[in-house]
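Ready for some practice in reading a structure? Have a look at the sequence and the model, then work through the exercises below.

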Amino acid sequence: MTWRRSLLGGTLAVVVGVGAGSAVSFLTATDEQPPADEVVKVAGARSDSARGVLGGPATRAQLRPASPMAVEPSGDLLIAQSTRIVEVGRSGRLRLWPAPAGEDVPIPRRLVATGDGRVLGQGHDDLFSYERRSGAVRSVLTSETVGTMYDLAVAADGTVYVATDDNRVYALDAGAVRAGRVGDNDLRVVAGTGAAGFAGDGGPATEAMLDEPSALTVTGDGTVYVADSGNRRIRAIDPDGTIDTVAGGPLDPACATGSAVDSYVGPVTAMLARPDGSVLVAETRSREQLGFRGQVRLRVLRADGGLAELDPGFLPSQALTTDAAGNAYASAMGTGEVYRIPSSAAGRVTPGACREVVAPGQVDDVTRLTEAPALHVASLGRERFAYATDEAVYVSSGGRGRRVFEPPADAEIGGIAPAGDQLLVWCGYSGGDPDGAVLFLVDRRGDVEPLVTSNAGESFDTGLPLRGEGVSGAAYDARDRTVVFSSGSETFRLDGTKLDRLPWDGDFSALVRGEGDQWYGLRPTGSESGVYRLSGDGAEPEPVITRRSSAVLPPYQVVPTLSGNPDDRPDVGVTDFGVAGDGTVYALPQGDLAGLLLRVRPTGGTDVAAGDGTAGPIGGGVDADPGTGSIGRPVDVAVDGDTVYLAGAAGVVRVRMSADE
């Protein structure tokens, strides 16, 4: 393939407005046609001074970067510019659609041409149609009916498919879409049960579990491709309704075998079906970029089951579309320039070694202990544990849960921790009394003793005031029966009615007692967030596992450092952590690594103890090694010897580590 070419020409003229505070500039026309077998710029200019007239060359127009696009059956390219649509004709000339009528005109995140002369736009909360002649914009479907929409696609027969945040894919009745009124009776579930997880391959798609279906496309034979981004997979739904994984699954981002089902696939923001049976895939580098128009890498899912990398010669954003011939149109990152990538661009396979991210034999058992989603968990010893939902705190023993605490009015449970045979519970207030109690001691009978209020001066004769900061993390020191808690940027020890400040600066969302005078604390935010060892003498905190970069690093940079080698220091954010009696730290990573349980050995070195990164089902298959199956996507962790308790959307999950590990 030769290097990309630009179609330039014309003279300077005037500016045409396209929305509040924005403008698109045009130049006079050119009749030069782009070559069919090259990457060619078809619209947009880098120069801030580019100005012109309607009917001029689109390649001299200043356009908004990463704008939604669609191609009509005629071959005309449509580009959304705020609330307006500009059209690039096959001659390369640029036209402006009529201004939308009415107030509160939505700004589209996606555009799609239906094939019958209509154009649909997907906003943040609704699906709407554009009327070319009048400029009218009409709502077709709202999020009140299906939830937030991630993506939409149109089949050859006019059926509109939408992927939503309830982990389902819906088909919309074509007649209802044309009429502009899609109701509950006009929706048909194509895939997903509504629960987040991974299950159902080889069976009916309506009984399968999805997790963050972020992108859709439909081939000519009616096969629907779904980017199951939460599961790092691309799945295909055959016309008969059967679903299967066609790409992705491995945890190792370096894994690129050439076979799509044996290669890593990250979060996907767009997919484009091509006439030859291949699918162009736009994959983000990190889950934190999902939903934003960030840089992507392009991959080609081939009809023969291969997965190739495609380098178009520029940095593409996630604004993509395709025409009937399979040519793709991609907006360059940060410039507003739009390039056409020919359908003949097949990419190339770059093999990479695959390794087992989770070593087998590390885990004896993974068991789901509760069904309802849990936000917090604490180990009480002897197979007992406590957990918190968004409504109450429960103590579980022998498979039964008993409610022991409900938060005060206008308060939310912030966390729980063991305190001998009792529990520490801390809360935050969303309104109401600013001086309400924020830290409580709860016994097994459900008797509650307030320990700290937002205004410490009203609760104690001596001690430092909390100044309304509340409590972000707390722990019990069994040696002297005191309570240590973090408030604002300070940490305190509560001994009866005496409140002393400890020499640890920073806001800690979790605190755990270690050996001797050692403590562990989690700094939840900032460029140096993570788990630290804290000493009673106020020495500089020692990092255990921290995020050192200003941005969350993508998996391909982090996973190789999860080797267990003490010389490797992973740069990864942590949601929560727990500490075993021997000093082993178990941590829950953020971002694309959510769904894994990391382990930091006392001698150094971090590896993956358990998990496959998916939301479920818990434990994997019957014959699978339990450590390589799902542990859910936990947000809180508690440790008791070789037993790790996890709380998340899957409820409370118990992971028994092998005694040999």
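**Exercise 1. Find the turn that links β37 and β38, then describe the strands on either side.**

Step 1: β37 and β38 make a hairpin, with 4 residues between them. In that turn, Arg481 has a positive phi of about 55°. Strands here are DSSP runs of E with at least two residues, numbered from the N terminus.

A quick note before going on: this is a predicted model, where local features need pLDDT of at least 70 and side-chain atom pairs count only at pLDDT 80 or more, while totals for chains, interfaces and linings use all residues. Residues are numbered from 1 along each chain as its sequence is written, and side-chain values use heavy atoms, leaving out hydrogens and water.

Step 2: β37 (residues 473-477) and β38 (residues 482-487) run antiparallel, joined by 5 bridges. (Strands count as paired if DSSP finds at least two bridges between them.) Gly473 faces Ser486 in β38.

Step 3: Now check the cover. In β37, 4 of the 5 residues are buried, where buried means under 20% relative accessible area, exposed over 50%, and partly exposed in between (1.4 Å probe, protein chains only).

**Exercise 2. Work out the strand order of the open sheet with 4 strands.**

Step 1: The order is β41-β42-β43-β44, with antiparallel pairing.

Step 2: Look at the edges. β41 and β44 each have a single partner strand, so one side of each has no neighbour in the sheet.

Step 3: Zoom in on one pair. β43 (residues 530-535) is joined to β44 by 4 bridges, and Gly530 has Thr546 in β44 as its bridge partner.

**Exercise 3. Track down the disulfide and say what it ties together.**

Step 1: Searching the whole structure turns up 1 disulfide (a pair of cysteine sulfur atoms within 2.5 Å). Cys255 and Cys354 form it, with their sulfur atoms 1.9 Å apart.

Step 2: Place both ends. Cys255 sits in the loop between β20 and β21, and Cys354 in the loop between β27 and β28, so the bond ties together parts 99 residues apart in sequence.

Step 3: Get the handedness. The torsion about the S-S bond is about 80°, so this disulfide is right-handed.

Step 4: Compare the accessibility of each end. Cys255 is buried at 4% relative accessible area, whereas Cys354 is partly exposed at 41%.
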